[in-house]
Amino acid sequence: MSQPLPVTDDSLRPIAEKVLEGLPLSQDDGVALYASRDLHGIGRMANFVREKLHGDKAFYNRNRHINYTNVCALSCKFCSFYRKRGEEGAYEMPIEQVIATAKTAADTGATEVHIVGGLHPWLKFDYYLDMLRGIREECPELHIKAFTAIEIVHFTRIAKMSVREVLTALKEAGLGSLPGGGAEIFDDRVHDEVFKGKVRADRWFDVHRTAHSLGIHTNATMLYGHVETPPERIGHLIKLRELQDESLSAMRAQDASSPSACFNCVIPLSFIPEQSELGYLPGPTGLTDLKTLAISRLMLNNIAHVKAFWIMQGLPLSQVALDWGCDDLDGTVVWYDITKREGDGVHQNLHVSDIRRLIREAGRVPIERDTLYREVTRDAVTDRVLSSAPLNEPMQLVSSHS
Ligand code: V47
């Protein structure tokens, strides 16, 4: 017997049929989803996909974000993080401070550090290599997820090396994976309006494609709710799906001597206007947040996880999003300097027991994961990680989610 279609908006019926059959949605389908008022129907479709992939599991991790410098050669209009060197509030952390912060994180139970910063005009490539080597030496078990594609392109310039050479050197120094930042919206019109100085989409994809070919897993983001239109968001998601198709094909063909990798998850980032040059914009509403998270789940049928990053969407909405296609809330974070909401400081620590409580209250089962989405088990008394799977091993996505 065929399943009942979960939508009340008749125009979404053909889309619902495709979703139930696991078929990829088109650009027009994505635009129709944004145009529909059937928020619950969209949520039910996204939830269908989410539960097909992950059942009732909702993932979180114990991590620590480290922003090593806010000095940046760029001046993107959406960004409230960057400072010019010498400007009040500008900082760069000595390597020892980054290493000590990572060590404290590892000692207090984190399995991951997430390290990103501005494009610092004077720091040499050795600064980044020494940072990774130092963390690797002090905390051999800690997964280092570091440097957006934009920072990687910056390193190719300062080190006069290719993307492949830079990534290879970083991997040898201890890099585990790349975070998804710097993607914004893959569209030239939006690029020229709000982040003109930044490299264009082709360079972001070049970095992620090369990382995958070197066996380095990566994440992907989309910054929504500023000047972009719904069709531009859908175009962005389809471009991510296309690279994931390529990377999954390569993974299927891989042998032990040439490991390859893919996107672990997508993180739709809700734009926070405060203290940015776009501070006059209202920012996305709760409706746009829920629709975008759900539509990301629906468009990206080949990416395993959709993360509601609670710092951006806020905790209450992130909790609700566990029924709108999301299966992951990111983590403990501890410190976050990139975006600034009125009243928030940079110290934004979410306790593990609070994350678990929020997930349980939403009717889901909290699962601690590592960066590559393997379940982490801990000794109940010492809190030490017991899972024996070696870190930095590629996630087995291909057979289960393609
Ligand atoms: O690249 C900057 C975005 C990103 C604002 O990979 C803003 O697991 C909202 O990429 N309002 C950095 N967003 C954060 C990021 C990230 C976060 C969590 C997890 C992962 C992951 C990656 O934040 C930037 C930019 O796209 N951003 N300014 C703003 N005003």
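Which glycine follows α9, and what is the sign of its phi? In the predicted model described here, α9 is followed by glycine 215, which has a positive phi near 80°. The helix itself covers residues 201–213, and its 13 residues should span 18 Å at 1.5 Å a residue; the end C-alpha atoms are 18 Å apart, in agreement with that expectation. The buried residues of α9 are Trp204, Phe205, Val207, His208, Thr210, Ala211 and His212. The elements covering these buried residues include the helices α6, α7 and α10 (230–253), together with the strands β5 (177–178), β6 (217–224) and β7.

A comparable arrangement is found at helix α3, residues 39–54. For its 16 residues a span of 22 Å is expected at 1.5 Å a residue, and the end C-alpha atoms are indeed 22 Å apart. Buried positions in α3 comprise Leu39, Gly41, Ile42, Gly43, Met45, Ala46, Asn47, Val49, Arg50 and His54. Glycine 55 comes after α3 and has a positive phi, near 55°.

Strands β3 (residues 112–116) and β4 run parallel and are joined by four bridges. Within this pair, glutamate 112 stands opposite histidine 143 of β4. Between the two strands the chain passes through helix α5 (residues 125–138), and the resulting β-α-β crossover is right-handed. In a regular strand, side chains alternate between the two faces of the sheet. Strand β4 (residues 143–146) has His143 and Lys145 pointing one way and Ile144 and Ala146 pointing the other way, and all are buried.

The connecting helix α5 has 14 residues, for which a span of 20 Å is expected at 1.5 Å a residue; its end C-alpha atoms are 20 Å apart, which agrees. Its buried residues are Phe125, Tyr127, Tyr128, Leu129, Met131, Leu132, Gly134 and Ile135. An α-helix has 3.6 residues a turn, so residues three or four places apart point the same way. The buried residues of α5 pack against both strands of the crossover, β3 and β4, and against the helices α4 (95–107), α6 (149–159) and α7 (163–173). Alanine 100 is located in α4 and counts as partly exposed because its relative accessibility is 41%. Between alanine 100 and phenylalanine 155, the C-alpha separation is 23 Å, and the two are 55 residues apart in sequence.

Lysine 145, one of the buried residues of β4, also takes part in the surroundings of the ligand. Of the 23 residues around the ligand, those that come nearest are Lys145, Gly182, Glu184, Ile272 and Lys307. The side chain of lysine 145 places an N or O atom 2.7 Å from an oxygen atom of the ligand. For glutamate 184, a side-chain N or O atom is 2.5 Å from a ligand oxygen atom. Glycine 180 approaches through its backbone, with an N or O atom 2.8 Å from an oxygen atom of the ligand.

Two serines illustrate buried polar side chains. Serine 270, in strand β7, is buried, with a relative accessible area of 4%. Its side chain forms a polar contact of 2.8 Å with the side chain of aspartate 289. Apart from neighbours within four places in sequence, the residues in contact with serine 270 are Tyr224, Pro284, Asp289, Met312 and Gln313. Serine 296 belongs to helix α11 and is buried, with a relative accessible area of 0%. The side chain of serine 296 reaches the backbone oxygen of threonine 292 at 2.7 Å. When neighbours within four places in sequence are left aside, serine 296 is in contact with Met222, Leu237 and Pro268. Serine 296 and glycine 325 are 29 residues apart in sequence, with a C-alpha to C-alpha distance of 8.1 Å.

Positive phi values also occur outside glycine. Most residues other than glycine have a negative phi. Glutamine 275, however, has a positive phi near 60°. This glutamine 275 lies in the loop between β7 (263–270) and α11 (286–299), and it counts as exposed because its relative accessibility is 52%, with the cut-off at over 50%. Aspartate 383 likewise has a positive phi, of about 70°. The position of aspartate 383 is in the loop between β12 (365–368) and α15 (398–401), and at 30% relative accessibility aspartate 383 counts as partly exposed.

Key
Residues are numbered from 1 along each chain as its sequence is written. Side-chain values use heavy atoms; hydrogens and water are left out. Buried means under 20% relative accessible area, exposed over 50%, partly exposed in between (1.4 Å probe, protein chains only). Two strands pair if DSSP finds at least two bridges between them. A crossover is right-handed if, with the strands pointing away from the viewer, the path from the first strand over the helix to the second runs clockwise. The expected span of a helix is 1.5 Å times one less than its number of residues. Contact means heavy atoms within 4.5 Å. A residue is near a molecule or strand if one of its heavy atoms lies within 4 Å of it. A polar contact is a pair of N or O atoms within 3.5 Å; within protein, one must be able to donate a hydrogen and the other to accept it, and residues adjacent in sequence count only if both atoms are side-chain atoms.
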